[in-house]
Amino acid sequence: MYKGSTVGVVVPAHNEEGFIGEVIDSLPEYVDQVFVIDDCSTDGTWTEIKEYVDAEVNQAGVTDDSAEQIAVADGAGTTVSESQTFLDKRIVPVRHQTNGGRGAAIQTGYDLALMSGMDAVAVLDGDGQMDPNILNEILDPVVEGEADYAKGNRLISRRHCTQMSNWRFFGNALLTFLTKIASGHWKMRDPQNGYTAISATALEQLSLNDLFNDYGFLNDILIHLDANGMTVQDVPMEAFYGDESSGIRYSSFVPKLSLLLLRGCIWRLHEKYLSRTESE
């Protein structure tokens with residue numbers, strides 16, 4: 001629990017062997033539950049997750065029968081409905097049977113967090129790019145009631161951008177401009193930053209199934225937040241890139257996302273202004 005709020009952390013992962021275990025192990029003790037979502041990885045990510053969970057089970061002194069139940073459920077390719085049985089555990093591992101995209105993995109984690117009764121839900125990727133030591137800074141605007149949704153911002157100053165390549169910085173700046181227009185969050189920057197936190201109240205008002213499943217999820221949720229009258233706050237953070245490789249290829253991602261943002265902008269304006277006027 002953090003500042004009187006129960007905290008869940010969603011860890012989406014796809015082919016993060018060698019990173020995912022360390023990410024889980026690095027989460028602060030105040031995190032009540034960790035929802036690790038393996039989006040049908042083709043490497044050893046799922047094996048690493050299971051090995052870590054088995055080690056935690058053994059350390060906790062869980063009986064062999066209980067440990068076996070967890071392993072069987074995990075190995076079967078757990079779905080959200082099947083995972084309800086294990087929501088009393090601190091670490092809830094889930095494996096998608098098919099690759100749905102980063103957004104789909106986060107949606108699964110969000111659903112589980114709501115089932116568990118978490119007050120605030122953060123997202124911290126399984127690739128080791130996000131510093132768990134600043135999780136409290138990401139959570140603060142949400143748990144203190146200053147915003148419905150908080151997100152990291154690596155573009156806050158020149159110093160924060162030093163580790164970002166010129167091509168990545170250009171792509172991020174362009175997508176920031178386009179997302180500002182589409183979402184109406186004019187003070188927001190760095191929309192591709194996946195280090196986020198959201199209140200359970202805000203999650204309950206969103207239609208998660210309507211959100212984009214892949215990397216455009218982060219932009220799409222900003223659009224839906226504004227359409228529902230919810231606030232967003234940026235949290236300054238430094239960019240960090242280790243040995244992992246990014247799944248985003250801006251040369252193809254920007255054109256594809258631009259079309260998504262155009263459609264989202266039209267939908268948001270209709271929902272926020274025309275639909276509201278028609279219902280009055």
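Visitor: Which residues does Gly152 touch, not counting residues up to four places away in sequence?

Guide: A list of contacts shows which parts of a chain meet in space. In this predicted model, Gly152 touches Ile138, Arg189, Asp190, Asn193, Tyr195, Val235 and Met237. One of these, Tyr195, lies 43 residues away along the chain, yet the C-alpha atoms of Gly152 and Tyr195 are separated by 5.5 Å.

Visitor: Is Gly152 buried or exposed?

Guide: Relative accessibility is the value to read here. Gly152 counts as buried because its relative accessibility is 0%, and buried means under 20%. In the protein chain, buried residues make up 53% of the 280 residues.

Visitor: In which strand is Gly152 placed?

Guide: Gly152 belongs to strand β5, which covers residues 149-153.

Visitor: What is the order of the strands in the open sheet?

Guide: A sheet is read strand by strand, from one edge to the other. Here seven strands follow the order β3-β2-β1-β4-β6-β5-β7, with mixed pairing. The edge strands, β3 (91-95) and β7 (232-236), each pair on one side only. From one strand to the next, the twist averages 20°.

Visitor: In which sense do strands β4 and β6 pair?

Guide: Strand β4 (residues 120-123) pairs with strand β6 (residues 196-199) in the antiparallel sense, over four bridges. As an example, Val121 has Ile198 in β6 as its bridge partner.

Visitor: Which strands does helix α9 lie across?

Guide: Helix α9 (residues 217-227) lies across β5, β6 and β7, and runs at about 140° to β5. Helix α6 (residues 135-143) lies across β1 (7-13), β4, β5, β6 and β7, at about 25° to β6.

Definitions and conventions. Residues numbered from 1 in each chain as written. Predicted model: local features only at pLDDT ≥ 70, side-chain atom pairs only at ≥ 80, totals over all residues. Heavy atoms only, no water. Helix = DSSP H or I, 4+ residues; strand = E, 2+ residues; numbered from the N terminus. Buried < 20%, exposed > 50% of the residue type's maximum accessible area, 1.4 Å probe, protein only. Contact = heavy atoms within 4.5 Å. Pairing = 2+ DSSP bridges. Axes fitted to C-alpha atoms, helices over the stretch in contact; angles between N-to-C directions.
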